Amino acid sequence: MKATLRIFLSVLMMGVLTNTYSQEKTEIIFHKPANPERAKAPFSEAVQAGNLFFLAGQIGMDRSVGKLADGGIQGETEQTIKNIQGVLKHHGLSLDNVVKCTVILSDINDFKAFNEIYTQYFTNKPARTTFAAKDLAAGAKIEIEVMAIR
């Protein structure tokens, strides 16, 4: 009987300690963008929860000229990734910190051409989901959002 009671109390204490630890409050920071013009957007470019960074989706907009990058899906993919690199760099991170990508293509038939560019940049092979949607913002061919860890 005593051994059973000790086991029960041990399991109960482990449950209490585990539950207490999992209930710690994680600080959430809604970061300001590096570019003040981007602060007008109705969303945060990056949100930090503990050591995790959640980046808003990026499209292949070349912000220096205010238009989508030339070169079709491959040009837009490269510009999209450069935009992601810029946001990551602002927070002291790089593509090596990315653990998850969500890729949205306006045409699933662009998958192979997109992947040729994507694999040149994401060499660590983060987890990824890719799907197609009928229309993307600004007539873009691609949008990528990422999650990164510090």
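So, how much of this chain is buried? Of its 150 residues, 31% are buried. Keep in mind as I go that this is a predicted model. The accessible surface of the chain comes to about 9600 Å², and carbon and sulfur atoms account for 58% of that.

Okay, the layout. The chain has 3 helices and 9 strands. If you walk along the sequence, the pattern you get is α-β-β-β-β-β-β-α-β-α-β-β. Now take the contacts between residues at least 6 apart in sequence: 66% of those join residues at least 24 apart.

Let me spend a minute on helix α2, residues 72-90. Does its length come out as expected or not? With 19 residues at 1.5 Å a residue, α2 should span 27 Å, and its end C-alpha atoms are 27 Å apart, so the two agree. Plenty of α2 is buried, including I73, G75, E76, T77 and Q79. Further along, the buried residues of α2 include T80, I81, N83, I84, V87 and L88. Then, just after α2, you reach G92, which takes a positive phi of about 75°.

Let's stop at one of those α2 residues, Q79. Q79 sits in helix α2, and it counts as buried because its relative accessibility is 15%, with the cut-off for buried being under 20%. What does Q79 touch, once you set aside residues up to four places away in sequence? The answer is G60, M61, D62 and A69.

On to the inside. The largest nonpolar core has 21 residues, and the ones with the most contacts inside it are L55, L88, V98 and I144. Which elements supply at least two residues each to this core? Those are β3, α2, β7 (98-105), α3 (111-121) and β9 (142-149). Helix α2 gives the largest share of this core, 5 residues. There's another core lying apart from it, made of 5 residues, among them I59, L68, L136 and A140.

Back to I144 for a second, one of the residues with the most contacts inside the largest core. Leaving out residues up to four places away in sequence, I144 touches A56, G57 and Q58, and also T80, I81 and I84, plus C101, T102 and V103. If you have the structure open, T80, I81 and I84 are among the buried residues of α2.

Now, charges. How many salt bridges does a search of the whole structure find? It finds 3. I'll take them one by one.

One of them joins R63 and E45, with the closest N and O atoms 4.0 Å apart. This pair links distant parts of the chain, 18 residues apart: R63 is in the loop between β5 (61-62) and β6 (67-68), while E45 is in the loop between β1 and β2. Is E45 buried or exposed? E45 counts as buried because its relative accessibility is 11%, and buried means under 20%. R63, at 35% relative accessibility, counts as partly exposed.

While we're on E45, look at its neighbours. The strands on either side of its loop are β1 (28-31) and β2 (46-49). Not counting residues up to four places away in sequence, E45 touches P33, A34 and R38, then F54, L55, A56 and Q58, and also R63 and V87. So its salt-bridge partner R63 is on that contact list, and so is L55, which we met as one of the residues with the most contacts inside the largest core.

Another salt bridge is where the side chains of K67 and D70 meet, at 2.9 Å from N to O. K67 is partly exposed, with a relative accessible area of 39%, whereas D70 counts as exposed at 61% relative accessibility.

And there's K134 with D135, where the closest N and O atoms are 3.6 Å apart. Both of these residues, K134 and D135, are exposed.

Last stop, the surface. L52, F54, V99 and I149 form a nonpolar patch there, and together they have about 280 Å² of accessible area. F54 is in strand β3, residues 52-55, and at 33% relative accessibility F54 counts as partly exposed. F54 is also one of the residues touched by E45, and its strand, β3, is among the elements that supply at least two residues of the largest core.

Note on methods. Residues numbered from 1 in each chain as written. Predicted model: local features only at pLDDT ≥ 70, side-chain atom pairs only at ≥ 80, totals over all residues. Heavy atoms only, no water. Patch = residues over 30% accessible without salt bridge, like charges linked within 9 Å, V, L, I, M, F, W, Y side chains within 5 Å. Areas by Shrake-Rupley, 256 points an atom, 1.4 Å probe, with all protein chains shown as cover. Helix = DSSP H or I, 4+ residues; strand = E, 2+ residues; numbered from the N terminus. Buried < 20%, exposed > 50% of the residue type's maximum accessible area, 1.4 Å probe, protein only. Contact = heavy atoms within 4.5 Å. Expected span 1.5 Å × (residues − 1). Core = buried A, V, L, I, M, F, W, Y, C linked by side-chain atoms within 4.5 Å.
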